[in-house]
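Trainee: I am new to this structure and would like to be guided through it. May we proceed by question and answer?

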Amino acid sequence: MQRFQGRADVTAAFADGFHPFWFWNDRITPERIRAQVGRMHDQGIRGFFIHSRQGLAQPYMSAGFLEMVGVAIDEASSRGMAVHLYDEFPYPSGAAGGAVVQSDPALAGTTIKTTHQRLQGGYARCVLPPGRLLCCVVVPLDGDAADWSAVRDLAADVGMVLTRESYFDAAPQPYNDRRYFADAPAPVLETSLPPGNWELWAVTESLISAHKYWGNFPDVTNAAAVAKFIELTHDRYAAGLGPRLDRVTSMFVDEVEPEISRSVLLELERRWGDEARTLVLAHVAPSHPRHLEALRVFQELRLELFMETFEAQVASWCRAHHLRYSGEKPSVRLRQLAAMDVPGCEPGHTKAGAARSDLLQADIRGNARATASAAYFYGKEGSLCECFHSLGWGATLQDAKIISESLIAFGTRWLVPHAFFYSTRGLRKHDAPPSFLQMPYWPLFGELTRRVEELARHLDGSVIEASVGIVEPSGGLPDEDQRACYEDLQYRLVAAHCEFVTVDTDILARGSLSSAGWSYRDLTLQALVVPPMRDPEEELLRFLERFEYHSGFVARVGADRDCDVVVRELTRRFPPAAIVSSGGASAEAEAVICARRRGPAERWVFLVNTAPRAVALSIFSADQLEVVDLGSPPPPLRRTGEGRSEICLAAFESVLLGSSAGRPRGSGAGEAEPVLLDLATVGGWQLRPLSPNLLRLGRWRMTVGSGPGSNSSSAVVEPAPIVNQLARSSTAFAPRISDWFGRGPEIDLPQMSVRYETSFECTGAADLSIVMQEGALAGRWAIRFDGSGPFGPEHFSARPDVLEDCLGIDVSCPERTGLPTRHVHHLTVETLLASSDEGLRDSIYVAGDFSVFAASRTSAGGQAVEAPARAVPPVEVPLLGSLTAPCLKGELADWEANGLPYYAGVVEYSGSVPTTGTAEAGGDKVVVQKAEMERASDLVVEIKLPPWCEEAAEVAFGDGPLRPVPWSPRRVRVPRSELASEPVEVRVRLATALARPFEGRWFDPSSHSYREVDLAAAPDAP
C-alpha cells in the first residue's frame, strides 16, 4: 500500500485500530473533553473523529465550538492520539449544518418525483407533486403491456390549482368578518382520454423539502454549492484552528450522494437537447424501450458531475491543507472511491450469532471487501469501516470482537465505531446506540483494542491471497433480484473459503494479461466471476473475451441457482495454498471465515468462527502453520500428518496461523488442552453488586389537562416526549389553532399541565433515592414522593455512582415494626409543558440496596381517574415492582431471579468449584483430571458460563488477581498454584450492558432478539 504523502507526524498518528466517531451531542466543556480523551486513551483507542451531532449546544462553527475542538486537539496530541475532523452537523455532508441554503437559497437542491398510475378512458384528474413539470404522458395498455409507439403528451393539460381550502373568521373589514382562502399550489392534470386503459407517467422537478434535519439540502452537483459548503465548514476549521490544523489527521465526509438535480438536468439538456425529456421519462418508466439507455446516461452523468464538483473540490482542499480525505458514502461506481485517500464503508451492524452478517452487501457502501479491494487497486493506505451502528444498548464486547475481526478478515484496516457518545442524557441515548464509552464493561474495552492491534501488526504489509476476482456489477445496471444474487454469491464464496477481490472495468484496464492470468500490483487473477446484470458494458465484455483468450476462466452467473455450481467449479479449479474443511460435515466449516494473506516472507491464515457453536476444522497446507499468540490463549493446533493439522474453534473464536519460522510463536501456542471449569453447573453463588440496584419506572399514568375548562384525560404511557405519548395513547386534548390571513390554519399543541403517576411496593425499611439522568424531565416540573415535596431541579444533586449524568434525591421509607409488610409508594411528577419535545421523556429510577421482584398485583389501587362517558374504564396507577432485602445468594447471570433485572454495573459472584470429577455441561460431559493440572507451571483454564450470559467477565482463582475473559472462549492463563486447593475458590465479575436500565429489555441470544424484562416472583411470594 502507498503511504500517505504528507507530514510524518500525521502519518504516524493514523495507527491501525480503533478511531471512533465521538459524538458531540451536548454542551461541550474542556473538563469533560480531557476526561473522555483520557478514558479512550487508557483503553487503547488510537484516535477519534469529532462528530458534531444533534444535541450539540455550542453553535456549530462558532468561536466557542472551535475553541472546544482546539482543546480536543491539544489533549489528543499530548497523548499521541490522532484527531480527525468530521465535516458536517450532523450528516450527510454538504449542508454545513443547514447554512449553505440559508446563506443562498439559489443553492438549494432539487430532485425528481414520479407520478405513475393507471387510468381509464374518459375524464381524468390528477394532482402532481409541486415543482417544474418535466414531462406528462399517457401510454395505452394492451393488457399489462404498454404501447410506447402510441404515447400521448398531456403537458398542455396541466395547470396550477390551489389545492387546500381554508376559512378565516376574523377578517379586518368592519362589515365582513369571514373570508375564504385557498393555498398549497400544485400542478394538476385534467383531461379526457379516449376509451381504453392507460398508464400515466409524469415527472416533476421539486425542491428538496423533507430532508431530515434541515428540510432542504444543497445541490451537491453544483460547483457553487460545494464551494459554499467548503467555505462555511472547511475554511472555518482552517481559520479557527490555525496551526492546530497541522495536528489533524483527516477530514471525514459522510453519506452524501448526487441526486438527479437541477445541475444534472441542465447538463442533460445541454448534451442531449430535445432528447433530454425522453431520457427523463425513460429513466423512470421500466417499460420504456430506452429505459436501460437512460439509466446508464443518468448513472454516468451523476457520477461525472459529482466527481467534478464535490469530490474534486473536497480532495483539493484536503491536499492543500495536508489532510487525508477520508469518509464513506454511497458510490455510483467503484472508481468513485479513488477520489479519497482513505475510502470507507459502513457495514458491521449485526450482533454475534446472526444468521448472516451484513459485511458483503450488494451496494458498494455496505461492502467491506469491495471497499478494501478499491483501496488496494487505487493505491491507498487502506480502507475504514464505520461499524457497530444501531446494535442497541445490549451490544457486548463479544459483538464488537466478532464484527471487528470479520472486517479485518475482509481487508478493512481502520475501525470507526459509530458508538462513542459525549453524553447519553435525556433523549440522546436513543441516537442509534450503543455508546461503549458509558457501558459498565468499558474498563475491559482495552482487551479488544490490544487484540485488534496485535492482529494488525502481524498482517501489516500483507495482501489478500486471491486468484479469483468478482466483478462489481453496478456498471451493468443490475435489478434488485440480480443485486441480491450478487450479494448471495459473495457469501457463498466466503462459505466455501474461496478468497476473492472485487474489480470493475476501470481496474481491469489497469492490469496486464498473460498466460498466467490478469496481473496488477501484487495480485494475479486466474478467474473472474461475472454476476448477473441487465446491460453489461461493452468494455467489460471485450475484456472478458481477451481474458478467456489468455486462458483465464470466466464464470458467468445468470441467476441465483447458478451460484453453487460456480463456487464448486472455482474451488475445484483453483484450490488455495491452505485448505480448510470440516471433514464430512462441510456445513460446519461454512460458518468460518477463512482469510488468506501473503506477506513479504510469510503466509497467514486467519480463521474467524462466526457461529455460536464450536467447529472442528482440518487444515492442509504445504507450509507448516503455527498458531500465533494474539494475547489470549489460542486453541491447540494438532499435527495429524504431512501438511495436515486439526484445530477446534469455540463459538465466535478466531485464530491466526502463520507459516514463517522466522516469527516467534510466542507463549501458549496451544499444545495442551485447557482445563475446563463449568461454572454454569455450580449453584449458590454469593452476590455482591458493586453499585446501587435500580428499579426502572417505565410505565406511568398520564393525566392531561390542556387548558381552562378542558376535560382531563388519562392513559398509561411509557417515557417519551409528550407528542409521542399523545400519539401512542390516543389521549384527548384540545389543540391550539393559529389562524393566518391568506393561508390555512395551523394546529399545534397547547400549553399543557400533565401529571404522571406510578408506584412500587417495598417490604421493610430501606434507604431509597429517586434518580434520573439529566434531561429525563423537560419543561417546568416537580416531583412528589408519598405526598412529600414538591421537589424541583434545585433539590437534585449529582449521583455518578448510579449512572453517568445522573441526578438524585434521597427519600425516606418509613420504619415499621413487627412482621415485614408490603407498603406501596407513590411517585407523582407534575409538569407544565409548552413544547412538543417536553414531558417525562426518559425513565426515572429508584436506587438503593435492595432486590427487585414482581409486584403482588398489577396496579396500585386507590382512586382511579374518572373517564368521560364515552371513554374506556378508569385508568389505574401502574404498580411496577416490589423492593425486598438484597439477595445474598443466587445463580450466575440470572438477573431476574437474583433481583437485579434493571441493574447497571458490575456484580461479583463468589463460590467454590470442584476441579476433579465429571460435570454436565449442555449435555456434554466435561472431565477435569487433577493430573492434567500438574504438568506445567502455568495452566490454560477455560470457564463456561450460562449460555444466555453475554456479559463481559473477569475471573479470579484463590487469592489470584482478576483476569479478563470478556468473550468466547473465556480462556485465561493461570499459575498452577492458584488452582492447587480442592475445591478452588472462584470469583467472577460480570459487567453489564445498558439495555436493561435504559430500555427495560435484554438481548436473548437464543432468539437473536431483544426481549422485555419480565420480573421474577419474589422468593416469599405464594
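Mentor: The following exchange covers nonpolar cores, aromatic rings and a pocket in a model that is predicted.

Trainee: Which helix supplies the largest share of the largest nonpolar core?

Mentor: The largest nonpolar core has 216 residues. Those with the most contacts inside this core are Trp 24, Phe 48, Phe 310, Tyr 756 and Ile 844. The largest share of the core amounts to eight residues, and these come from helix 3 (residues 63–78).

Trainee: How many residues does the second, separate core have?

Mentor: This second core stands apart from the largest one. Leu 892, Ala 893, Val 955 and Leu 979 are included in it. Its residue count is 33.

Trainee: How many residues apart in the chain are Phe 21 and Tyr 86?

Mentor: The rings of Phe 21 and Tyr 86 form an edge-to-face pair, with 5.4 Å centre to centre and 85° between the planes. Phe 21 lies in strand 2 (residues 21–24), while Tyr 86 lies in strand 4 (residues 82–86). The pair thus links distant parts of the chain, and the separation is 65 residues.

Trainee: Is Phe 21 buried or exposed?

Mentor: A residue counts as buried when its relative accessible area is under 20%. The relative accessible area of Phe 21 is 0%. Phe 21 is therefore buried.

Trainee: Is the ring pair of Phe 436 and Tyr 441 stacked, tilted or edge-to-face?

Mentor: The ring centres of Phe 436 and Tyr 441 are 6.3 Å apart. Planes under 30 degrees apart count as stacked and those over 60 as edge-to-face. Because the planes of Phe 436 and Tyr 441 stand at 55°, the pair is tilted.

Trainee: Over which ring does the charged end of Arg 1001 sit?

Mentor: The charged end of Arg 32 sits over the ring of Tyr 422, 5.0 Å from the ring centre. For Arg 1001, the distance from its charged end to the centre of the ring beneath is 4.3 Å. That ring belongs to Tyr 1010.

Trainee: What is the volume of the second largest pocket?

Mentor: The second largest pocket is lined by 38 residues, and Tyr 491, Ala 495, Glu 590, Ala 591 and Thr 610 lie nearest its centre. Elements that each supply at least two residues of this lining include helix 13 (480–495) and strand 25 (578–581). The volume of the second largest pocket is about 860 Å³.

Definitions and conventions
Residues are numbered from 1 along each chain as its sequence is written. This is a predicted model: local features need pLDDT of at least 70, side-chain atom pairs count only at pLDDT 80 or more; totals for chains, interfaces and linings use all residues. Side-chain values use heavy atoms; hydrogens and water are left out. A nonpolar core is a set of buried Ala, Val, Leu, Ile, Met, Phe, Trp, Tyr and Cys residues joined through side-chain atoms within 4.5 Å. Buried means under 20% relative accessible area, exposed over 50%, partly exposed in between (1.4 Å probe, protein chains only). Helices (H or I, at least four residues) and strands (E, at least two) are DSSP runs, numbered from the N terminus. Rings of Phe, Tyr and Trp (its six-membered ring) pair if their centres lie within 6.5 Å; planes under 30 degrees apart count as stacked, over 60 as edge-to-face and the rest as tilted. A charge sits over a ring if NZ of Lys or CZ of Arg is within 6 Å of the ring centre and within 35 degrees of the ring normal. On a 1 Å grid over the protein atoms alone, a cavity is a set of points where a 1.4 Å probe fits but cannot get out, and a pocket is an open set with protein on both sides within 12 Å along at least five of seven lines; lining residues have an atom within 4 Å of a point. Grid points are joined across faces, edges and corners, and a volume is the space filled by probe spheres set on the points.
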